[in-house]
Amino acid sequence: MESLFRCPVCGAPLDRGDRAYRCPAGHSYDIAREGYTYLLPPNQKHSAAPGDDRDMAAARRDFLSKGYYDPLLNTLCCQILSLSGESPVIWDVGCGEGFYTSGIFRTLAAAGKSPRMAGTDISKPILRSAAKREKGIAWAVASSFHLPAADGAADILLDCFSPLALEEFRRVLRPGGHFLYVVPGPDHLWELKQVLYDRPYPNEEKETPYEGFAYQSIVPVEGTITLPCQADIRALFQMTPYYWKTPKTGAKRLADLESLTTRISFRIHIFQKL
């Protein structure tokens, strides 16, 4: 059966078999028992094990499964539902452990649509976690800057906190297709940052036009969450960039907390390809 994926070596369509994807030229890619495949050639890897490691994958899975970011998921589902036809092709690039990918897939299916979805991430441990969430989605370890997708293949492309690969996004989206780019809002995790840093500053809020895309809207998502235990606080910390660049004194202050209430703030930038 022809899949959404293209061969990362020759660009030909990949057919999915029971245990592997194969292209007409004979290139073959095994399907792991969890259900994902590995489409990241050695020349696209910047390290031996790129992306989030196993501990970060576990932190994301544990934190998101408790519903703390459900307001963002629910808003994404509403937006994508309104932009979707009956059988949309949707790519979630830098999909992480598949929380948003799976939630969107299930929402569209529950609405009577027949989505075809692919989730890609450069991290093998995190894709292993994603593939366990939903068997109806095609999962692959792949770079956002070299998506294993045909030109104009996607109706909707989602990038949630992942690097911008605009040239590749323009290639993969069909004309008239939509690109949703999720970034933190100004006050996102402000109270967490107050614990970590002596002088925190808000995230920059800007509206950046991108060549080949027309702005449709910017959808805000705001809320407050309370983390009742140190395990959840640490899981959130491990999900953020602050985990790598926080002074030891700030990290210790956070580790001493038994609970934390903090704002969450997101912006969904919605573009249409010209």
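This report walks through some buried charges, helices, cores, salt bridges and backbone angles of the structure above.

The model is predicted, so local features are reported for pLDDT of at least 70 and side-chain atom pairs for pLDDT 80 or more, while totals for chains, interfaces and linings use all residues. Residues are numbered from 1 along each chain as its sequence is written, and side-chain values use heavy atoms, with hydrogens and water left out.

**Two buried acids**

Let us begin with Asp 121, which sits in strand β7, residues 116–121. Helices (H or I, at least four residues) and strands (E, at least two) are DSSP runs, numbered from the N terminus. Asp 121 is buried and has no salt bridge. Buried means under 20% relative accessible area, exposed means over 50%, and partly exposed lies in between, using a 1.4 Å probe and protein chains only. A salt bridge needs a side-chain nitrogen of Lys or Arg within 4 Å of a carboxyl oxygen of Asp or Glu. For charge, Lys and Arg count as positive and Asp and Glu as negative, with His and the chain ends not counted.

What is the nearest side chain of opposite charge to Asp 121? That is Arg 60, 6.3 Å away. The Asp 121 side chain does reach the backbone nitrogen of Cys 95, at 3.5 Å. Setting aside neighbours within four places in sequence, the contacts of Asp 121 include Gly 94, Cys 95, Ile 126 and Val 141. Contact here means heavy atoms within 4.5 Å.

Glu 97 is found in the loop between β6 (89–93) and α3 (99–110). Is Glu 97 buried or exposed? Its relative accessible area is 0%, so Glu 97 counts as buried. The side chains of Glu 97 and Arg 133 are joined by a polar contact of 2.8 Å. A polar contact is a pair of N or O atoms within 3.5 Å; within protein, one must be able to donate a hydrogen and the other to accept it, and residues adjacent in sequence count only if both atoms are side-chain atoms. Beyond neighbours within four places in sequence, Glu 97 is also in contact with residues including Ala 57, Arg 60, Leu 64 and Ser 129.

**Helices and cores**

Helix α3 has twelve residues and reaches 17 Å from its first C-alpha to its last, close to the 16 Å expected at 1.5 Å a residue. The expected span is 1.5 Å times one less than the number of residues. Among the buried residues of α3 are Phe 99, Tyr 100, Ile 104 and Leu 108. The buried residues of α3 pack against α1 (54–64), α2 (70–83), β6, β7, β8 (138–141) and β9 (154–160). Just after α3, Gly 112 takes a positive phi of about 90°.

For α2, the 14 residues should span 20 Å at 1.5 Å a residue, and the end C-alpha atoms are indeed 20 Å apart. Its buried residues include Leu 72, Leu 76 and Ile 80. Elements packed against by the buried residues of α2 include β6, α3 and β12 (260–273).

The largest nonpolar core has 54 residues, and those with the most contacts inside it are Phe 63, Tyr 69, Leu 72, Leu 76, Tyr 100 and Ile 268. A second, separate core of 31 residues includes Cys 23, Ala 149, Ala 165 and Leu 166. A nonpolar core is a set of buried Ala, Val, Leu, Ile, Met, Phe, Trp, Tyr and Cys residues joined through side-chain atoms within 4.5 Å.

**Salt bridges**

The count comes to 16 salt bridges. Here are three of them.

| Acid | Base | N to O distance |
|---|---|---|
| Asp 151 | Arg 171 | 2.7 Å |
| Asp 198 | Arg 253 | 3.6 Å |
| Asp 256 | Lys 252 | 3.0 Å |

Asp 198 lies in the loop between α6 (190–196) and β11 (213–227) and Arg 253 in helix α9 (residues 248–255), so this pair ties together parts 55 residues apart in sequence. Asp 198 is exposed at 67% relative accessibility, and Arg 253 is partly exposed at 33%. Asp 256 and Lys 252 are both exposed. Asp 151, Glu 168 and Arg 171 are linked in a network of salt bridges.

**Positive phi angles**

Phe 161, in the loop between β9 and α5, has a positive phi near 65° although it is not a glycine. Leu 189 also has a positive phi, of about 60°, and lies in the loop between β10 and α6. Phe 161 is partly exposed at 37% relative accessible area, whereas Leu 189 is buried at 1%.
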